[in-house]
Amino acid sequence: MCPTYAFKCTYGACINLESICDGVEQCFDGSDEKDCTDLISPPVTTGSIDIENSENITMVSTTTESSIISTSAIPTSTVSTTTVSTTRTTSLPTVVALSRPNDSMENTSKQKKSCVIPNTEGTKHFYKDSIQNIPVSNGAVVDPYRIVEVDCEEGYYKIIPYKFMVCSESGQWKPFVSDKLCLKKCPPMVSDILDIKCSLNGYNVNCSTPSEPGTILTQSCKGMDSHHHLSKGQERTSTSKELLCLKNAEWNGQLLTTCTSHKEFISNKFKELSVTAPWNVEIYKINNDGHYYRTCGGTLIAPNLVITAAHCFWKKGLRRTIITNENNAIKIAVGKETNHFSVIDNKYTQFIDIKLIYLKERYDGSSGMYADDISIVVLATNIAFSNGVLPASIDWSSKHSLSNGDLGKMFGLGINNTCNGQDESILKLYTLSYIDHRTCRQMYRNGFENYITRDKVCTDYKLVAGEKNLLGFGGSGLIFEHYEQNMPVQFLTGVLSIKDLNSIKSVAVFTSIQHHIQWIRNIYLNHVSVL
C-alpha cells in the first residue's frame, strides 16, 4: 500500500507523484507513463473521502497558468461530493501529506518556498525513489517536503553514520545541523619497494585508498625479488616505524624511499651517536633564586610530545587536568649526560620551552594510591631530530606482549654519591626484569600491594654502586626492544611511578603505557605536527 503522496505502479511499487508523466519510466512496467493524455478523476464518494489518512490530506490542483490553489483538509462530516479533474499532459495533480488539519483556507493558500542544496566540502546529496538513488547537485532547488540524504565524496569520511534533511514550507532545511558531516581523509599510501599494511580500531583497511584519522600504517621492505636484489649475506630492513593518520588529514611521517641492508643501517644509525639514550628527556623547574634544577625524567615520543609521570607536576588540591607553563617556569632538555642545566654536554643537547601539560583525569597522588600517574608534556617548538635525538616508539596496535623475566632498560640522571660526599647526577642505564601486574601484587603483604593499582606493572632491578634507590628517576621511561622485520625497535612500555622504600625488595612500579593508550592517542592526534 502506497502513501497518499505516492503513485502505485501496477506491480505494487511506490514512486513519487512528481515522477508520473514526466517522460521517464520510473516503474519497471512503465505504468507511470501510460494514459498520460487521459483525464484523471480521483475516487468520488458521498459523505466521506475514500483516501488513506484523509484527515491530514490537502488536495492541490495545478492550472495551466501554474498558479497553486490549496484547500484545507476537509472534515468528513461536511463533505458531500468531491471531484477533481485535470489534464496530465498540461499539469500534474499532486496530493501531499500535511500535519495541519486545522489550517484555514486562507493560511494554506500561502505560497510554499523551495530549498537550495548547500555547497559543503566533501558532501554529496541524493533522494530515493523505489528503485534507485537520484543525485542532486549542489545549488539545485528542491521542492517542499522533499527528503534529501547526505553522503560523503571519495576521500572523505563520515563523523556521524547517517544524515538527512527535509525541505520545510518556509524554505529552510530541517533538522538544521551546523556541524560538518564529512571530514577529509589522509592520502593513499603505495610503494613499489615496501610492504604496507594499515589498520583502524583493530581491523585491517586498504592503504591504497584514503584513510581515516587514527589509521595506523606499518611499512617494511619487500622480500628479494627479480627487481630488488641484495648482495649475499644482506637482508632488507627499515626503521619499521609506524605512521599515524592525523586529524588534519596528514600522515605523521613519510614512507621510506630506499631499502638498505641491516648492516648498513646499523652503521649509519650509530656511527655519530654519542648519546646512549636518544629518546631520554630531562625536566627542569625554576627555583626561587631563578635557577633551573632537575626534577624528573621523561621520554620523547614525537617532535613536540614527552611522556612522563603526573607526580612531576601535580600538587595536592590541584583539580586542573591541563596545566599551562606560566612564566616559562618549566623546561625540558634532550641530549643531556649530566644534570647541570647550564652545561651543553654534547652537540645533540637542546633546551626547549613547554607549552602545556596534560595530567590524567583521576590522578590524586598518594590519596589515589598513585593510580593514573602519567602526564604528557606539549612542547612550545618541535625538537630537531638527529642520530643523537630520536623518539621512542609506541605500540599503538598492542601487538607486542611481555613475559615475566623479559629484560628492559631505563636511562636517567639519577642521584649518586660521589667520592667527595657530594650528590651528582650522571646518565645511567638500568637493566630491568619485567614483572606483570598480578605477580607484582602477590609479592607484597605489607599494604604496598594497594599501590600496585590496575594500571601498573613492575620490574626487578639491581642497585648501581652508590645509587640512592632510584631517586631522581621518577617519570623515566621503561623501554623494551622488539624486532620488526629483523630490525630492533625501541618501545616505551612504562613510566616510573613509585618504589617501596621500606622494603628490602628491589622492585620499581611503572605506569603502563598500554593501559592508557587511547588517552595518549587522542592527545597525539591533537598535537603532533607532520614530520
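How many bridges join β33 to β34, and do they run parallel or antiparallel? Some notes on that and on other parts of the model follow, with the reminder that this is a predicted model.

1. **The β33/β34 pair.** To take the opening question straight away: 8 bridges join β33 to β34, and the two strands run antiparallel. One place to look along this pairing is L478, which stands opposite G494 in β34. The two strands form a hairpin with 2 residues between them. In that turn, Q485 has a positive phi of about 50°. N486 also lies in the loop between β33 (477-484) and β34 (487-499), and its phi is positive as well, at about 65°, although N486 is not a glycine. With a relative accessibility of 46%, N486 counts as partly exposed.

2. **β34 and its other partner.** Away from the hairpin turn, the picture is one of cover: 13 of the 13 residues of β34 are buried, so this strand is largely enclosed by the rest of the structure. β34 also pairs with strand β35 (residues 507-512), through 5 bridges and in the antiparallel sense. If you want a residue pair to find this pairing by, V495 stands opposite T511 in β35.

3. **The largest nonpolar core.** This core has 60 residues, and those that touch the most other members are I301, I307, F313, I332, I513, I520 and Y524. Domain 3 (280-379) and domain 4 (406-516) both contribute residues, so the core lies between them. As a general background, nonpolar side chains tend to be buried together in soluble globular proteins. I307 is a good residue to centre your view on: leaving aside residues up to four places away in sequence, its contacts include G298, T299, I301, I374 and I376. Also among the residues that I307 touches are G475, L492, V495, I513 and I520. V495 thus appears twice in these notes, as a contact of I307 and as the residue opposite T511.

4. **A buried lysine.** Please have a look at K456, placed in strand β32 (residues 456-460). Is K456 buried or exposed? K456 counts as buried, at 1% relative accessibility. A polar atom of the K456 side chain lies 2.7 Å from the backbone oxygen of Y370. Beyond residues up to four places away in sequence, K456 touches Y370, A371, D372 and D373, and its other contacts include H437, Y451, S497 and F510. T511, the β35 residue opposite V495, is also one of the residues K456 touches.

5. **M369.** This residue sits in the loop between β28 (350-359) and β29 (375-379). M369 is not a glycine, yet its phi is positive, at about 60°. Its relative accessible area is 30%, which makes M369 partly exposed.

6. **The four-stranded sheet.** Turning to another part of the chain, 4 strands form an open antiparallel sheet in the order β18-β17-β19-β21. β18 (203-205) and β21 (243-244) are the edge strands, each with a single partner strand, so one side of each is left without a neighbour in the sheet. Strand β17 (residues 194-200) and β19 share 6 bridges, and C198 stands opposite L217 in β19. On the other pairing, strand β19 (residues 216-221) joins β21 over 2 bridges, with L244 in β21 as the bridge partner of I216.

7. **Both faces of β19.** All 6 of the 6 residues of β19 are buried. I216, T218 and S220 point one way, while L217, Q219 and C221 point the other way, and all are buried.

8. **The five-stranded sheet.** A further open sheet has 5 strands in the order β10-β9-β12-β14-β15, again with antiparallel pairing. At its edges are β10 (133-136) and β15 (173-174), each pairing on one side only. Within the sheet, strand β12 (residues 147-152) and strand β14 (residues 164-167) pair over 3 bridges, and F164 in β14 is the bridge partner of E149.

9. **Overall figures.** The protein has 4 helices and 35 strands. Of its 531 residues, 46% count as buried. The exposed area is about 27,800 Å², with carbon and sulfur atoms supplying 50% of it. Among contacts between residues at least 6 apart in sequence, 65% join residues at least 24 apart.

Key
Residues are numbered from 1 along each chain as its sequence is written. This is a predicted model: local features need pLDDT of at least 70, side-chain atom pairs count only at pLDDT 80 or more; totals for chains, interfaces and linings use all residues. Side-chain values use heavy atoms; hydrogens and water are left out. Buried means under 20% relative accessible area, exposed over 50%, partly exposed in between (1.4 Å probe, protein chains only). Contact means heavy atoms within 4.5 Å. Accessible areas come from the Shrake-Rupley method with a 1.4 Å probe; for residues, only the protein chains shown count as cover. A nonpolar core is a set of buried Ala, Val, Leu, Ile, Met, Phe, Trp, Tyr and Cys residues joined through side-chain atoms within 4.5 Å. Domain bounds come from an automatic or database domain assignment. Two strands pair if DSSP finds at least two bridges between them. A polar contact is a pair of N or O atoms within 3.5 Å; within protein, one must be able to donate a hydrogen and the other to accept it, and residues adjacent in sequence count only if both atoms are side-chain atoms.
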